[in-house]
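Please study the sequence and the three-dimensional structure shown below. The explanation that follows leads through selected parts of it in turn.

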Amino acid sequence: MYQHTAIFDQRQKRLWDCLEQYISRTDLTDVSLIGGGDLNAAFENQRHDYETTGHQKANALLATFAQTGLVCFVSPEGPTWWDKDRACRATLDHVIVNDSRLAQAAAVARQSWHPSHDHSTIYVYSRTVFLPGRPAVGKYVAPQLRVNMKSWEKKKS
């Protein structure tokens, strides 16, 4: 998901409104919703030396959407964006989940491998994997999931 930049607060609001309507109208009983990306907004104390009136509006829209309780946010502990001098930084990338069990996942920001990327890549690790209770039939096909526990155990140590 890519949110509009902070100077387009009305467009940001529309995206949050559309997402709220989608989640409210969709039966997510047996579905785990995982989304996220560059939301161009930060929660409290996630911006450092980088905040304007436009940023404050974007942050307020994010906080308002978070308060609906429709989803849980998983945010990395450190910044996901830096300016070229690395003086200004902010956590602008977040993961959205609808399942409180998934919200216990740890989001980790890693410096992006490509110099043209100004945001870090976000990885979400969850110690628990939830598989569908029954195979998907009809309108969609459930995504396949493979978990290599040996490499997971190595990453933990």
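In this predicted model, F43 has a relative accessibility of 22% and therefore counts as partly exposed. The cut-off explains the label: buried means under 20%, exposed means over 50%, and partly exposed covers the range in between. F73, by contrast, has a relative accessible area of 18%, so it is buried. The structure holds four aromatic pairs, and F43 and F73 form one of them: their ring centres are 5.2 Å apart and their planes stand at 75°, which means that the pair is edge-to-face. Where do F43 and F73 lie? F43 belongs to the loop between β1 and β2, whereas F73 is in strand β3, residues 72-74; the pair therefore ties together parts that are 30 residues apart in sequence.

F73 also pairs with F65. The centres of these two rings are 6.2 Å apart and their planes are at 90°, so this pair is edge-to-face as well. Is F65 buried or exposed? With a relative accessibility of 2%, F65 counts as buried. F43, F65 and F73 are joined by W16 in one aromatic cluster. Another aromatic residue, F8, has a charged partner: R11 lies over the face of F8, at 4.4 Å from the ring centre.

The strand that carries F73 leads to the sheet. Which strands form this sheet, and in what order? Three strands make up an open sheet, arranged β1-β6-β3, with antiparallel pairing. β1 and β3 stand at the edges and have a single partner strand each, so one side of each is left without a neighbour in the sheet. On average, neighbouring strands of this sheet are turned by 25° against each other, direction ignored. The pairing of β3 with β6 can be followed in the model: β6 comprises residues 93-97, and three bridges join it to β3, the two strands running antiparallel. Within this pairing, V74 stands opposite V95 in β6.

After β3 comes a loop that contains T80; this loop lies between β3 and β4, the latter being residues 81-82. T80 has a relative accessible area of 0%, and therefore it is buried. Which side chain does T80 join through a polar contact? The side chain of T80 is joined to that of D93 by a polar contact of 2.6 Å. D93 is also one of the residues of strand β6 (residues 93-97). When neighbours within four places in sequence are left aside, the contacts of T80 include A90, T91, L92 and D93, and also A109, D118, H119, S120 and I122.

A further buried loop residue is L28, situated between α1 (9-25) and β1. Its relative accessible area is 16%, so L28 is buried. Which residues does L28 touch, if those up to four places away in sequence are not counted? They are I23, L33 and N98. L28 and N98 are 70 residues apart along the chain, yet their C-alpha atoms are separated by 8.1 Å.

Two other loop residues deserve attention for their backbone. N45 is not a glycine, but it has a positive phi of about 65°. N45 lies in the loop between β1 (34-38) and β2 (47-48), and F43 lies in the loop between β1 and β2 too. The relative accessibility of N45 is 65%, so this residue counts as exposed. D49 likewise has a positive phi, of about 55°, although it is not a glycine. D49 is located in the loop between β2 and α2, residues 53-67. At a relative accessible area of 66%, D49 is exposed.

These details can now be placed within the whole chain. How many helices and strands are there in the protein? It contains three helices and eight strands. Read from the N terminus, the elements follow the order α-β-β-α-β-β-β-β-β-β-α. The protein has 157 residues, of which 29% are buried; F65, with its relative accessibility of 2%, is one that counts as buried. Among contacts between residues at least 6 apart in sequence, 62% join residues at least 24 apart. The ring pair of F43 and F73 offers an example of parts brought together along the chain, since it ties parts that are 30 residues apart in sequence.

Methods: Residues are numbered from 1 along each chain as its sequence is written. This is a predicted model: local features need pLDDT of at least 70, side-chain atom pairs count only at pLDDT 80 or more; totals for chains, interfaces and linings use all residues. Side-chain values use heavy atoms; hydrogens and water are left out. Helices (H or I, at least four residues) and strands (E, at least two) are DSSP runs, numbered from the N terminus. Buried means under 20% relative accessible area, exposed over 50%, partly exposed in between (1.4 Å probe, protein chains only). Rings of Phe, Tyr and Trp (its six-membered ring) pair if their centres lie within 6.5 Å; planes under 30 degrees apart count as stacked, over 60 as edge-to-face and the rest as tilted. A charge sits over a ring if NZ of Lys or CZ of Arg is within 6 Å of the ring centre and within 35 degrees of the ring normal. A polar contact is a pair of N or O atoms within 3.5 Å; within protein, one must be able to donate a hydrogen and the other to accept it, and residues adjacent in sequence count only if both atoms are side-chain atoms. Contact means heavy atoms within 4.5 Å. Two strands pair if DSSP finds at least two bridges between them. Axes are lines fitted to C-alpha atoms, for helices over the stretch in contact, and angles run from 0 to 180 degrees between N-to-C directions.
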